[in-house]
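Hi,

Here is the structure I promised to pass on. Have a look at it first, and then read on for what turned up.

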Amino acid sequence: MGQFSISDLENISGIKAHTIRMWEQRYGILQPVRTQTNIRTYCDDDLRRLLNVATLCGQGHRISKVAQLSEQELASAVIACCENPHDYSRQVNALLAATLEMNEPQICKLLVGATQQLGFEAAVLRVMYPFLQRIGVLWQTGSINPAQEHLVTNIIRQKIVAATDQLPPVRPSETRRWVLFLPEGELHELALLFMHYALRARTQHVLYLGQNLPESELTAVCQTYQPHTICTVLTAVPERGQVQGYINHLAELCVDSSLVLYGPLMSSQNLDLPANAINPRLMTDFLALIDELKTRAEK
């Protein structure tokens with residue numbers, strides 16, 4: 001059983017601590033245990049119930065009515081309201097609740113449902129990305145454990161790979177050619193995998209080289225494949241003070257290709273971009289860039 005403070009509950013659910021205390025005292029929705037120093041601690045069941053209560057109250061249900069529901073009635077009501085494909089916050093809350101109880105079937109069911117209702121790309125942008133951002137914050141603050149974070153990351157990774165595999169093949173000689181890779185030591189792959197999907201969905205050819213590629217390998221890749229564009233994501237590698245040198249080196253290695261440089265390390269500091277480099281700040285900027293390049297090529 002996990003132990004959460006009221007601050008943890010506030011961070012995870014988005015419900016202010018004073019509101020949680022009020023709901024607890026007035027409606028008895030949670031049953032915290034007190035430490036010897038009289039500090040509230042909450043278990044996994046408390047957190048899951050709070051997420052479900054927050055979901056229903058966010059939809060306009062009165063707390064006085066929600067508090068009277070049994071656990072089964074509460075779960076059924078949340079599942080019913082999550083069937084609205086445009087209610088993204090409730091879908092994210094439902095995914096968080098399933099993650100906390102390591103409920104793999106429920107996580108998959110919610111992701112499949114979002115994909116069927118919105119389409120894969122929209123489901124990633126509107127549900128999976130916000131969900132992963134919440135997971136990232138919770139992991140940093142110690143509110144979820146590494147196993148829970150790894151579980152959802154790997155499930156979403158599998159969904160992106162499976163969706164990409166279902167796309168029809170494209171001949172490299174007939175369209176724009178892209179190389180996608182992560183720097184040596186960089187393991188955060190989800191954004192690059194989604195870029196792969198988005199490019200393939202827009203009939204671009206991609207040489208996907210994945211994680212942990214030494215940049216010295218790019219010279220041979222450029223000579224053999226002759227890519228129009230090389231794209232990478234800088235999340236944790238290289239060291240913050242070495243990013244400028246890294247991207248300058250990439251530009252020297254890939255003089256005949258354009259560079260797309262994406263990720264937190266690119267957007268969190270002032271960098272001098274090489275003449276052949278672009279830095280889309282958001283994933284939606286990257287998607288717009290693909291469409292723009294494709295339109296130019298078709299003219």
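Let me start with the cysteines. Cys-108 is buried, at a relative accessible area of 16%, and Cys-222 is buried too, with a relative accessible area of 16%. Keep in mind that this is a predicted model. Does that leave us with any cross-links to think about, or none? The count of disulfides is zero. For Cys-222, the closest cysteine sulfur belongs to Cys-254 and sits 4.0 Å away, which is too far for a bond; the cut-off used for a disulfide is 2.5 Å between the sulfurs.

Cys-222 also belongs to helix α11 (residues 218–225), where it is buried along with Leu-218, Val-221 and Tyr-225. Those four span an arc of only 95° around the axis, so they end up on the same side of α11. Turned away from that buried side is a face with the exposed residues Gln-223 and Thr-224.

Next, the sheet. Five strands make up an open sheet, and if you walk across it the order is β4-β3-β5-β6-β7, with parallel pairing. The edges are taken by β4 (205–213) and β7 (277–278); each has a single partner strand, so one side of each has no neighbour in the sheet.

Strand β5 (residues 229–233) is worth a click. Five of its five residues are buried, so the rest of the structure largely encloses this strand. Which residues point which way? Thr-229, Cys-231 and Val-233 are on one side, Ile-230 and Thr-232 are on the other, and both faces are covered. On the β3 side, strand β3 (residues 177–183) pairs with β5 in the parallel sense over four bridges, and there Phe-181 has Thr-232 of β5 as its bridge partner. With strand β6 (residues 258–262), β5 shares five bridges, and these two run parallel as well. Thr-232 turns up again here, standing opposite Leu-261 in β6. To get from β5 to β6 the chain passes through helix α12 (residues 243–253), and this β-α-β crossover is right-handed.

Now for the aromatics. There are four aromatic pairs in the count. Take Tyr-129 and Phe-194: their ring centres are 6.3 Å apart and their planes meet at 55°, so the pair is classed as tilted. Tyr-129 is part of helix α8 (residues 120–140) while Phe-194 is part of helix α10 (residues 190–201), so this pair ties together parts that are 65 residues apart in sequence. Phe-194 is buried, with a relative accessible area of 0%. Both rings belong to one aromatic cluster, formed by Phe-120, Tyr-129, Phe-194 and Tyr-197.

Last one: helix α3 (residues 44–58). How far should its 15 residues span, at 1.5 Å a residue? The expected figure is 21 Å, and the end C-alpha atoms are 21 Å apart, which agrees. α3 is mostly covered, with 11 of its 15 residues buried. Among the buried ones are the charged-looking names you may want to find in the viewer, Asp-46, Arg-48 and Arg-49, as well as Leu-47, Leu-50 and Leu-51. After α3 comes Gly-60, which has a positive phi, near 105°.

Cheers

Definitions and conventions: Residues are numbered from 1 along each chain as its sequence is written. This is a predicted model: local features need pLDDT of at least 70, side-chain atom pairs count only at pLDDT 80 or more; totals for chains, interfaces and linings use all residues. Side-chain values use heavy atoms; hydrogens and water are left out. Rings of Phe, Tyr and Trp (its six-membered ring) pair if their centres lie within 6.5 Å; planes under 30 degrees apart count as stacked, over 60 as edge-to-face and the rest as tilted. Buried means under 20% relative accessible area, exposed over 50%, partly exposed in between (1.4 Å probe, protein chains only). The expected span of a helix is 1.5 Å times one less than its number of residues. Two strands pair if DSSP finds at least two bridges between them. A crossover is right-handed if, with the strands pointing away from the viewer, the path from the first strand over the helix to the second runs clockwise. The arc is that of the directions from the helix axis to the C-beta atoms.
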